[in-house]
Structure formats: structure tokens, C-alpha cells
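Please look over the sequence and the model shown here before reading on. The paragraphs below then lead through a selection of local features.

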Amino acid sequence: MISPEALPSRRFKPLRYGLGAWTEHIFFAYDLVTQSRPKLLVELGTDRGESYFAFCQSVQENKTGTRCFAVDHWRGDPHAGSYDEATFTDVSGHNNAHYADFSTLLRSSFDEALTHFADGSIDLLHIDGHHTEAAARHDVDAWLPKLRPGGILLMHDVAVRARDFGVWKVWEELVARRDAFAFSTPPGLGVWRKPGFAGATPPLLNTLFTAPNESCFALLVYYQGRNAALHEKMARQWRDGSIRAAPLASETVIQVFWRGEGGYSEEESADARVGHGSWKEVVIPLPAREPVRGLRIDFFSALTIVEIEEITVNNAPVQLEALSLGGDCVRLSVKPLRLQITGMDPQLYPQAFTPPLPREGLIVQMRLRVDPA
């Protein structure tokens with residue numbers, strides 16, 4: 001068992017945070033690497049590197065001697081959204097600056113990367129790829145032979161049951177086979193030990209695998225507190241403007257919501273991510289399930305200026321001068337349309353569609369440029 005007072009992450013000051021759905025687990029990732037001291041760590045699905053670089057920072061600061069590999073094609077997918085070359089440029093730059101002596105980025109598909117690793121060679125494997133049941137099952141079946149007996153598998157998004165996410169189904173089958181624990185707050189993180197383990201269990205894993213117990217409850221409270229403090233730090237950065245220098249500031253997320261008879265929801269949205277400084281052509285397919293009556297376009301962008309030349313829906317131009325604004329943005333000019341992003345939730349509303357647009361093949365295209373303010 002272990003108490004929060006003994007956790008290495010008490011002194012952890014993350015260099016990468018606020019980049020996605022992994023923020024609340026980076027303190028656990030840091031502790032897991034420190035305590036388990038894996039010889040070989042492999043991550044499948046790295047994106048902007050929030051989880052991967054938490055592992056790497058722990059390797060470096062705690063001198064675990066771990067060799068790390070990140071596997072991704074860095075093009076995005078229907079769940080993560082599409083993104084441009086700015087993501088890999090940013091991740092590669094951070095890796096080269098901090099962890100190049102022990103960390104390797106493998107830009108390939110997961111299947112193509114299999115030949116790089118011998119069976120039974122991986123000590124810590126993190127799978128965070130495409131999240132359909134078929135994709136998750138394929139990744140687990142293909143990569144579990146690479147994990148040594150007693151090795152640790154992490155699976156992200158085990159608590160998401162919306163849309164076509166199916167990781168939870170694969171996770172439930174794994175849980176029935178061996179030691180396991182899941183951080184249940186959505187999106188959820190599963191921790192699983194491959195059968196065949198012989199030897200002492202690190203106190204952190206022993207606490208989780210024997211849950212429920214008082215030590216496990218104290219751990220969860222501790223990690224929730226660290227996550228809350230990190231989110232408060234980010235909130236302060238938005239208020240004082242220092243978010244412009246935060247890890248998330250190099251790219252902008254464009255999220256398009258659609259509505260039918262009801263209102264807007266996260267489940268009825270799709271997104272793309274762009275780098276800054278040059279004109280971008282963005283194409284966002286909308287997998288709507290009913291005719292679409294309205295759209296909302298959000299920009300998660302660190303107090304930038306967004307200049308929009310054109311928006312089309314199924315090749316029909318949207319009248320930029322007729323766009324309604326909501327949330328945290330100010331219109332600087334109409335032609336060209338220039339927006340000052342003033343906070344976390346700026347919103348654009350095209351005019352409602354009368355009659356509603358058919359749901360099949362719905363595509364939003366934009367030509368825009370994002371520049372630091």
C-alpha cells in the first residue's frame with residue numbers, strides 16, 4: 001500500500017498539460033513510471049503528447065533508465081479530429097529538446113510498428129488509438145503478445161459509451177482475466193496486469209489492484225486534487241493572458257456542433273485542429289443522424305486573432321456578415337471577418353437552415369488563418 005505523502009508526483013511540475021482528455025491522469029502516469037521502472041515503454045496514439053511526455057518527464061527526473069517509443073501517424077482520426085503538420089512539428093520539437101537520448105517517435109501505423117518490438121519485450125504499454133470496438137480489439141489482440149508476462153497495459157477512454165466508442169467492451173473482457181483497476185471518471189483510464197507475474201508488486205499498483213481500500217480512496221482524492229489545482233492554474237492563465245505561452249497555444253481547435261430538433265451537444269460535434277500563422281483549408285465532415293437545422297462553430301484558441309475568408313456548408317457559402325457571435329469573442333472587422341478570441345468559449349452561429357439540410361454527406365469547409373494576438 002502507499003499513501004499520497006509518499007508519491008513522487010508531489011514534486012511533479014508538468015511541462016505538457018491541458019492538451020486533451022489525459023490531463024487528469026498525468027500525475028498517475030508520473031508515479032507509475034517512477035514506481036514500476038519499466039525497461040521498455042510503448043505508447044500507441046500520442047497526438048500532442050500529453051500522456052507520453054508525462055511518462056518521459058518521469059523517466060528523466062527519476063532516472064528510471066526506460067527506453068520510450070511513441071507510435072502515431074500524426075494525422076488524426078474521426079474521434080481525435082483531423083489536424084495538420086503543426087502537431088507533429090510541435091511534438092517532435094519538444095521530444096528533441098528534452099528526451100531525445102531515450103525517446104523515439106515512430107511515425108507509422110500501429111500495425112507497421114509491430115515489427116520493431118519482440119514478443120514479451122514491453123514492460124508498460126499504453127493504447128489510445130481509434131476508439132471503436134473493432135479498432136480497440138484489433139490493437140489489443142495485436143499488441144498483447146508484445147507485453148511481457150506481468151507487464152502493465154493502460155487503456156484510455158474505458159468509461160466512454162457515447163457515439164461509436166467501444167473501448168469499454170474490450171476493457172470489460174480484460175478485467176475478467178487478471179488484476180485490473182479503472183479510474184472511472186470519464187473518459188476513464190484502465191490499468192491491467194498481464195497474467196504470469198512473478199515478483200513484488202510496486203506499492204502504487206498493489207493499492208489499486210486490491211481496491212477498495214482506504215489507501216486507494218486516499219489516492220483518488222489526491223489525484224483529483226492535483227488535477228483540480230492544474231485546471232485552476234489554467235484558468236488563471238486565461239485570466240491573466242499567460243495562456244499564450246502555455247503548451248496548448250501553438251494550435252487552435254475548431255469544433256463544429258450541429259442540431260436537429262434539439263439543442264447542441266458534445267455528442268453531436270466534430271472538430272479539426274490547425275497550426276498558426278498561415279492560411280489553412282479545413283474540411284470537417286459532420287456525421288449527423290437527422291436533418292440539420294443549425295450549426296455552431298467554436299474556437300478553442302489561446303487569445304488569438306482568427307481571420308476567416310470563407311465558410312461553406314455542402315459547397316454553399318455562408319454569409320460571413322450574417323454570422324451571430326456568442327461567448328468569448330469580438331468582431332474586429334466584417335470583410336475580411338476578423339475575430340479577437342477573448343476567452344475559452346467563443347462561438348459563431350450561421351443563420352438557421354430553412355428547410356433543414358439533409359444529414360447525408362454533410363461537410364463544413366473553411367479557409368482561415370490564426371495569428372497570435
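What follows is a walk through some helices, their packing and a few backbone details.

Because this is a predicted model, the distances and angles given here are values computed from predicted coordinates. A convenient place to begin is helix H8, which covers residues 214–240. With 27 residues at 1.5 Å a residue, helix H8 should span 39 Å, and because its end C-alpha atoms are indeed 39 Å apart, the expected and the computed lengths agree. At the N-terminal end, H8 is capped by Asn213, a side-chain oxygen of which lies 3.1 Å from the backbone nitrogen of Ser215. Just after H8, the chain continues with Gly241, whose phi is positive at about 90°.

The approach to H8 has a feature of its own, since the loop between H7 and H8 contains Pro212, and the peptide bond that leads from Ala211 to Pro212 is cis, with omega near 5°. A cis peptide bond also joins Thr354 and Pro355, where omega is about 0°; Pro355 belongs to the loop between E17 and strand E18 (363–372).

Which residues of H8 are buried? They are Cys216, Leu219, Tyr222, Tyr223, Arg226, Asn227, Leu230, Met234, Gln237 and Trp238, a list in which the charged residue Arg226 stands beside aromatic residues such as Tyr222 and Trp238. The elements that cover these buried residues include helix H1 (26–36), strand E8 (180–183), helix H7 (203–209), strand E13 (294–300) and strand E17 (337–349).Of these covering elements, H1 can be followed further. The axes of H1 and H8 come within 9 Å and cross at roughly 125°, and the two helices are therefore oblique to each other. On the H1 side the contact is made by Ile26, Phe27, Phe28 and Asp31, and on the H8 side by Tyr222, Tyr223, Arg226, Asn227 and Leu230. The H8 residues named in this contact also appear among the buried residues of that helix.

H1 also packs against helix H2 (residues 50–62), and here the axes come within 8 Å and cross at roughly 40°, which makes H1 oblique to H2. H1 passes H2 in a right-handed crossing. The contact is made by Ile26, Ala29, Tyr30, Val33 and Thr34 of H1, together with Glu50, Ala54, Phe55, Gln57, Ser58, Val59, Glu61 and Asn62 of H2. Ile26 is thus named in the contact with H2 and in the contact with H8.

Two residues of the contact between H1 and H2 can be examined in detail. Thr34, which is found in helix H1, counts as buried because its relative accessibility is 12%, under the 20% limit. The side chain of Thr34 reaches the backbone oxygen of Tyr30 at 2.8 Å, and a polar contact of 2.7 Å joins the side chains of Thr34 and Ser58. When neighbours within four places in sequence are left aside, Thr34 is in contact with Pro8, Ser58, Asn62 and Thr64.

On the other side of this contact, Gln57 has its place in helix H2, and at 3% relative accessibility Gln57 likewise counts as buried. What does the side chain of Gln57 reach at 3.1 Å? The partner is the backbone nitrogen of Leu15, while the backbone oxygen of Lys13 lies 2.9 Å from a polar atom of the Gln57 side chain. Not counting residues up to four places away in sequence, Gln57 touches Phe12, Lys13, Pro14, Leu15, Tyr30 and Tyr99, and Tyr30 is also one of the H1 residues that make the contact with H2.

Some backbone details complete the account. Arg37, in the loop between H1 and strand E1 (40–44), has a positive phi of about 45° although it is not a glycine, and at 40% relative accessibility Arg37 counts as partly exposed. Trp74, too, is a residue other than glycine with a positive phi, near 55°; Trp74 lies in the loop between strand E2 (67–72) and strand E3 (76–77) and is buried, with a relative accessible area of 1%. In the segment before H1, finally, there is Gly20, which counts as partly exposed at 45% relative accessibility. Gly20 and Arg48 are 28 residues apart in sequence, and their C-alpha atoms are 8.1 Å apart in space.

Definitions and conventions. Residues are numbered from 1 along each chain as its sequence is written. This is a predicted model: local features need pLDDT of at least 70, side-chain atom pairs count only at pLDDT 80 or more; totals for chains, interfaces and linings use all residues. Side-chain values use heavy atoms; hydrogens and water are left out. Helices (H or I, at least four residues) and strands (E, at least two) are DSSP runs, numbered from the N terminus. The expected span of a helix is 1.5 Å times one less than its number of residues. Buried means under 20% relative accessible area, exposed over 50%, partly exposed in between (1.4 Å probe, protein chains only). Contact means heavy atoms within 4.5 Å. A polar contact is a pair of N or O atoms within 3.5 Å; within protein, one must be able to donate a hydrogen and the other to accept it, and residues adjacent in sequence count only if both atoms are side-chain atoms. Axes are lines fitted to C-alpha atoms, for helices over the stretch in contact, and angles run from 0 to 180 degrees between N-to-C directions. Angles under 35 degrees count as roughly parallel, over 145 as roughly antiparallel, 65 to 115 as roughly perpendicular and the rest as oblique. A crossing is left-handed if the near helix is turned anticlockwise from the far one by less than a right angle, and right-handed if clockwise.
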